[in-house]
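Reader: Please give me a close look at one part of this model, the contact surfaces between its domains and chains. Cut-offs should be stated once, where each term comes up.

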Amino acid sequence: MGIEGIGARVVRKEDKRFITGAGRYVDDMVVPGMKHAAFVRSPHAHAQIKKIDVKKAQAMPGVIGVLTGKELKADGIGNLICGWMIHSKDGSPMKMGAWSPLAVDKVRYVGDAVVIVVAETKGQARDAAEAVEITYKELKAVVDATKALQKGAPQVHAEAEDNLIFDWEIGDAKATDAAIKAAAHVTRMKIVNNRLVPNAMEPRAALGHYDKAEDHFTCWTTSQNPHVARLVMSAFYNVAPENKLRVIAPDVGGGFGSKIYIYPEEIVCLWASKKTGVPVKWVADRTESFLTDAHGRDHVSTVEMAFDKNNKITGFKVDTIANLGAYMSLFSSCVPTYLYATLLSGQYNIPAIHANVRTVYTNTAPVDAYRGAGRPEATYLLERTMEVAARELGLSPAELRRTNFITEFPHQTPVIMNYDAGDYGASLDAATKASDYAGFAKRKAAAARQGKLRGIGMSCYIEACGIAPSAAVGSLGAGVGLWESAEVRVNAVGTIEVLTGSHSHGQGHETTFAQLVNQRFGVPLDSVSIVHGDTDKVQMGMGTYGSRSGAVGMSAIAKALDKVEAKAKKIAAHLLEADEGDIVIENGEVKVAGTDKSLPWFQVALAAYTAHNLPAGMEPGLKETAFYDPANFTFPAGCYICEVEIDPETGTTEIVQFVAADDFGNIINPMIVEGQVHGGIAQGIGQALLEGAHYDDSGQLLTASYMDYTMPRAGDLPSFRVSTTNTPCPSNPLGIKGCGEAGAIGSPPAVINAITDAIGITDIAMPASPSTVWAAIRAKK
Amino acid sequence: MYAVNYHRAASVTDAAKLVKSGDAKLLSGGMTLIPAMKTRLAAPSDLVDLSRIKDLQGVKVSGKTVTIGAATTHYDVANDEKLRKACPALAHLASLIGDPAVRYKGTIGGSVANNDPAADYPAALLALGATIVTNKREISAAKFFIGLFETALKEGEIITAVSFTAPAKAAYEKFRNPASRYAIVGVFVAKGKDGVSVAVTGAGDDGVFRSKEIEAALAKNFAASALDGVKVPAKNLMTDLHASAEYRANLIAVMAKRAVAAANA
Ligand SMILES: Cc1cc2nc3c(=O)[nH]c(=O)nc-3n(C[C@H](O)[C@H](O)[C@H](O)COP(=O)(O)OP(=O)(O)OC[C@H]3O[C@@H](n4cnc5c(N)ncnc54)[C@H](O)[C@@H]3O)c2cc1C
C-alpha cells in the first residue's frame, strides 16, 4: 500500500468543494434566458380528468407557457417505460399500464403531474399553476397492495385486472412443499417490510435547454445514470435522437436509488423548452420529493422455513405481495424478483426454495429500488425467520446460523445465484467477539435492575452486488446490459484523466478511482482527474447503483489501465533499449528491472505525444478505452449484532451497541468504506425504528414532511463499531465486492431481533416507534 | 410564498397601527409563520415585524415576579441567569424547543399567540398561573388558551409580555414526537403558594389542559411515589400517526412522575 494507493485512508478529494458550499448542482446551473417551471399536480389519489382550463393561468403575470398532456402527446412524446420485462408463471408478460409524463385522462396518485407552467420566476410559475382549473371526477382509491388484489377493488389501470401486474415464481415448489411436509420443525411468519421515502438531501431537479440553431437539446438532471437517461429519452420518449441530446448529471446530492430512474419532469422540461423557446428549469420542493420520488420496499410476505431434526434447513417457502404504486418505474419489476428472491438462500445451505411474488398497482407513489433494492427485503425475511426459529428450537441464534452456513465455494443456490467466495463463520466470530455476545446475559441482568429491557439481535446478511453480467441479466429480462466503461487519457505531461460511466453522488469516486491510478502508475492523486456525468465527455456508461462502481466501474478502469501500461512499457522498452518484459512501473518511474535504467513517468507520456521516437508502426498518443462486463455478481456478506435497551414506561428504544463485521473483498479506501457502512446502518436503523411512509385510505400521504416522517438524526444512533474480515472476490480483477448497500441490508433485522428479544415477543412492526413498542409490551402483559 | 409587504415596527404603538393595514399579520421569530407562508398555507398581505422592538425583549425578575418580553427568543429564555435562579424549569423548557436555529429565532410571544397544541410554553404558563400581557389588557393563562391554535387574543391585539410568580418548585418533562420533536406529551408541574398545579401539552384534543387526577394525587403528597398507580383517562386525548390516546394517557402519568422527581431533586 502506497500512501495514496489502494488501501490508504485518503481524505476525499471532492469534500473540499462540498463542505465549502462550492459544489455545483442542477439548481446552480444558469443558462442565458432560462425560465422557471412549476407542475400542477393531482390533489387526488384517483380521479378522471374531465376538463383542463388554462386560460386564466396563461393570462397571469410573467407566464410564458402553460402546457398539457394532450399537447405533449400530439408532439409524439412517449410514455414512461419499465426497463425489465418479467413474465408471470403462466407465461404472460407483465401487465404494464401507460404512464404519460403529463396525465391525460386520469390521475393515479397524489402528486401525479398534469400540467407544466413556465414563467419568468419560480413564484410566478407557482402563482399561475394555482390558476390552472382542472375538473376532476374523483374515484375510489386503493393504497394497500393486499386490498388492491381483492375482487371489486378500484382498478388503477385497465391493463392490469385486479391490479395484478405479474404473478411470478422462482425455485422448486414441489421440492419445497415436500421438505415442509417432512420437516421436524417449521417456523411460520407473516412479515411486513415498511414503505420508505428515500430523502436524498438534494431534491430532484431538471433543466432542459433546446438550442434551435443547432436543433440540439441539453438536459441537466439529478441522475445517478445520465447515459441511460439519454438512451431512454431518445429511444422511448422521442425527445430527440441520441446525437442531439446531451445529458449532464453534475454534482448530485445523494440518490439512494431514487435518482436512477427517468421521471416525467426531465422529459417535460426538455419538451417544454422546445415548445416555449426558452430553457426551462424545475427544482422539486421537499413536498414534491415526498410525494413523487420513487419510494422503497412495501412488501407483505408469509414464510415457512423447514428444519430437519439436526436443525438443518431443508426448505424455505415465501409468498410475497409487493406494492409497485401507481406506475411501473424504470426498474420496479426487477426489484421484488431478481434482486430479491435470488437472495433467499442467504448465507445458508438450503436445498429447496420456492418464492411466489405478486406485484400490484395501487394509488400511491411508484415504488422502485431504494438502497439495497430487494436484498434488504430478502434479508429481513430470512434473518427474522432464523431468529424466531432459533427461539422456537431453543437454540442460540448464532449456533443455528453456524449450523446452516455455506462453507464451500463456489456454491450454487437453488435460486440462480452462484456464490464465488466468502467466510461467513469469520464474520460471525468477529461480530460475536466484538459485541461480547457471550457476556450478554450479565448485561441484561444489569439492565433489568435499572428497570430496562435489554435485548440482543443478529443478522447474517448476504447480498449480490456489482450488477451484473450482461448476458445473465439479459436472459432474465433486463432491457440493458450492465457492463461499465472507462477511458484513461494520459496527457503529454503525464497527468491523467479517467472518464468513467459510473456516477458519483456521494460515493467518493474522485478519490477512490484516483487511488487505483496512483497504485498502478505512482502518479500523485492531485494529477489524476475523474470525469463523469456528461454524455458529451464520457463514452456510454451504465451509472451507479447496486454497489457496482467499485466492482464493475473500477474493473473497467483497471482494464483500460492495463492497455495504457502495455503501451507505456513498449515505449519505455524502445527508449531504454530494453526488453518489454523487463519494464516495471514503480513510484512514478518506468524502470528496467534489476538495473538503474529508468525514465520518469511523464517522459514516457511525452514521448507518446511528441512521437519523435516510437517503436515502428506504433500510433502516437497514450489513451485507452475499455468496457468491462462482469463475470458474476459479487457477494458481500457479514454479520451485524445490535443490542438495545428499552424503557418499558415509554417504549423508547436506545441502541446501546451496534457491531458490524463485513466482508467486502479488497478495500480501496477503508475510511470511505466505513463511511458507507455508517450511512447504510443509519438508514437501516431508520427503517427499523423511525421511518415509514403512511397513506390514509383516500390516498393522501400523511407523512409528506419532516414534521411526520422521522429521519434518523445523529442522536438516534450509537457509535458504530465496524470491522471487516475480507475474502477477495475472484470474479473481478480487483477482488472488490462492494459496500454501498450492506449497512441498509443487514441492519433492520438485527434491530428488530434485538427489540423482540428484549420484549420477549415474536414480531413487531417497523418502524418500532416508542408507541408501537409500548403497545407491544402492554399487549404481552 | 406569495408576495408580501414587510414593515419593521419601531414600537408597540407603531405595530398596533401597522397591523390594521390590509390582511396584516404580526411577525415575531417567524419560525411558525414563515414556513406556513412558504408552503402557501398562510397568505398575509403585510407582515409587521415585532422582533426589533426593544420593549418586548428580555427577562426581568423582581422579587418573586418574573416578566418575559414577548419577543424574547427561546435561546435567551433558556440562558437567562436570573430566570435560571428564579424558575429553572422554564429555562429548561425553552432549551428543549426545536433545534438551535429555532431557538435563536423563535419567541415566547409567538409561541403563546400561536398556541400549537404540541407547543411547550402553554403547559408552563398554565401550570404557573401566568398572566399574558397585551397592549390592551391582562389575561390569565387559564382564560387565554382556548383550543387548538385558538387564544383569547382579539384581531390585531399584541402580546407584550408574560408574567408569573416564581414557584417554590417546578419541573418540565417532555416526551418528543420522534419526527417533529414537538411534544407528544409535555408535563409541567409547579408547587406554589396556591398549591400544586400540573398542565399537559401535546396530548389534549382541545389543547393544553390541567390534569385533575395528577393534581389530586400530588396535593396530599408532592412526591413521585404519590403517582404510583394513578391512571389518567384516555378520553379527550388525541390519537394520531405517532401516538394513540392510550399511549398519551400513559405518558402523562410517566412524565408527571419524572417531573415531580426532578422538581424535588
Ligand atoms: C423545526 C421547528 C421545530 C420546532 N419545535 C418546537 C418545539 O419543540 N416546541 C415548541 O413549543 N415549538 C416548536 N417550534 C415552534 C417555535 O417555538 C416557534 O418559534 C413558535 O411556535 C412561534 O414563535 P415565533 O416567534 O417564531 O412566531 P411567528 O412565527 O413569528 O408567529 C407565530 C404566530 O403568532 C403571531 N404572533 C407573533 N408574535 C405575536 C405577538 N407578540 N402578539 C400576538 N401575536 C403574535 C403571528 O402573527 C403568527 O400568527 C418549532 C418550530 C420549528 C420550525
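Into which domains is chain A divided, and which residues does each one span?

Author: The model is predicted, with local features needing pLDDT of at least 70 and side-chain atom pairs counting only at pLDDT 80 or more, while totals for chains, interfaces and linings use all residues; side-chain values use heavy atoms and leave out hydrogens and water. Residues are numbered from 1 along each chain as its sequence is written, with chains lettered from A and ligands numbered from 1 in the order in which they are written.

Chain A has domain 1 (31–139 + 201–254 + 259–292), domain 2 (299–467 + 632–780) and domain 3 (483–628); such bounds come from an automatic or database domain assignment.

Take domains 1 and 3 of chain A. Their C-alpha centres are 40 Å apart. In contact (heavy atoms within 4.5 Å) are 17 residues of domain 1 of chain A and 16 residues of domain 3 of chain A. The size of an interface is often given as the accessible area lost when the parts come together. Here the buried area, taken with a 1.4 Å probe and summed over both parts, is about 1,400 Å², with 54% of it on carbon and sulfur atoms. On the side of domain 1 of chain A, A:Gln224, A:His227 and A:Arg246 supply 45% of the area buried against domain 3 of chain A, more than any other three residues.

One of these residues, A:Arg246, also meets A:Asp534 in a salt bridge at 2.6 Å, N to O. A salt bridge is a side-chain nitrogen of Lys or Arg within 4 Å of a carboxyl oxygen of Asp or Glu, and the rule finds two across this interface. There are also 10 residue pairs in polar contact, both residues at pLDDT 80 or more. A polar contact is a pair of N or O atoms within 3.5 Å; within protein, one must be able to donate a hydrogen and the other to accept it, and residues adjacent in sequence count only if both atoms are side-chain atoms.

As for secondary structure, α7 (226–235) and β11 (245–248) of chain A are the elements that give two or more residues to the side of domain 1 of chain A that touches domain 3 of chain A. Helices (H or I, at least four residues) and strands (E, at least two) are DSSP runs, numbered from the N terminus. The largest share of that side, five residues, comes from α7(A). By class, that side has 10 nonpolar, five polar and two charged residues. Ala, Val, Leu, Ile, Met, Phe, Trp, Tyr, Cys and Pro count as nonpolar, Asp, Glu, Lys and Arg as charged, and the others, Gly among them, as polar.

Chain A also meets chain B. There, 20 residues of chain B are in contact with 22 residues of chain A. The two chains bury about 1,700 Å² between them, and carbon and sulfur atoms give 53% of that area. B:Arg40, B:Leu241 and B:Tyr247 supply 30% of what chain B buries against chain A, more than any other three residues. The rule finds five salt bridges across this interface. B:Arg40 forms a salt bridge with A:Asp127, with the closest N and O atoms 2.6 Å apart. Residue pairs in polar contact number 13 between the chains, both residues at pLDDT 80 or more. Helix α11 (residues 245–264) of chain B gives the most to the side of chain B that touches chain A, eight residues. That side of chain B divides into 11 nonpolar, four polar and five charged residues.

Within chain B, the domain assignment gives domain 1 (5–49), domain 2 (58–165) and domain 3 (169–264). The C-alpha centres of domains 2 and 3 of chain B lie 19 Å apart. Contact involves 21 residues of domain 2 of chain B and 23 residues of domain 3 of chain B. These two domains bury about 1,700 Å², of which carbon and sulfur atoms give 65%. B:Leu96, B:Leu126 and B:Ala127 supply 27% of the area that domain 2 of chain B buries against domain 3 of chain B, more than any other three residues. One salt bridge is found across this interface. B:Lys174 forms a salt bridge with B:Asp120, the closest N and O atoms being 2.9 Å apart.
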